[in-house]
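Visitor: Please give me a close look at one part of this model, the loops, and state the cut-offs behind each term as you go.

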Amino acid sequence: MQTPISVNEKKDFVRWFLNHYQLKKRESVWILNYLMNHETLLSSVHFVQEVKFCPRGMEISAQGVSDPPFRFYKGQVMTNDAEKSFHDLRMNQDEPVYIQMNFDKAQQCSKYALVLEENPYLPKDYYLNERDKNEADRLLSLSLLKHRQRQIENKIDEALIHGKREEFKDLCDALTKLKHELKAYV
């Protein structure tokens, strides 16, 4: 469980951000200043990554990055209109709002890391790439084949103990085929 970020920590970050970055849209400056001056509202703010998955969120970009200047997400609707989002902020002050800040070297910024929270709406497998999925599939298949191998080996032991020659031969053939399959995964 993550420790909640205090209003003062958020305020310090926003102040620092406004002093160090030029925003692409001037309305973004107004929104951030408004948040800084309204602590009850700031207590409902959560800085996250991938805000597009959140029920209510803003994406604010500084100069020097390729991200869009401003986006506001509410439910399935996205708008570039900062005034609409400002109105929504004022009218729904008790609702959580998630903010993604896009700026140069954001991933290496310790001040941003201090206020950044885990996005609770991010799909569990969002950061998995195709290579990771293929490797997970390979390991799962390998694990299942090894389990099947142990089962066949146990049945071979049973067939030997009970003198069941035909079953023993069939199981040995099955084990040989399985070992050929296993070679493809190792």
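Guide: What follows goes through the loops one after another, with the backbone and the exposure of chosen residues. This is a predicted model, in which local features need pLDDT of at least 70, side-chain atom pairs count only at pLDDT 80 or more, and totals for chains, interfaces and linings use all residues. Residues are numbered from 1 along each chain as its sequence is written, and side-chain values use heavy atoms, with hydrogens and water left out.

Glu-50 lies in the loop that runs between β1 (45–47) and β2 (56–61), where helices (H or I, at least four residues) and strands (E, at least two) are DSSP runs numbered from the N terminus. Although Glu-50 is not a glycine, its phi is positive, near 55 degrees. Glu-50 counts as buried because its relative accessible area is 18%, given that buried means under 20%, exposed over 50% and partly exposed in between, with a 1.4 Å probe and protein chains only.

Gly-75 belongs to the loop between β3 (70–74) and β4 (77–79), and its relative accessible area of 44% is why Gly-75 is classed as partly exposed. The C-alpha atom of Gly-75 is separated by 9.1 Å from that of Gly-57, a residue 18 positions away along the chain.

Lys-105 sits in the loop between β5 (97–102) and α5 (110–115); there, the phi of Lys-105 is positive at about 60 degrees, again in a residue that is not a glycine. With a relative accessibility of 57%, Lys-105 is therefore exposed, whereas Glu-50, at 18%, is buried.
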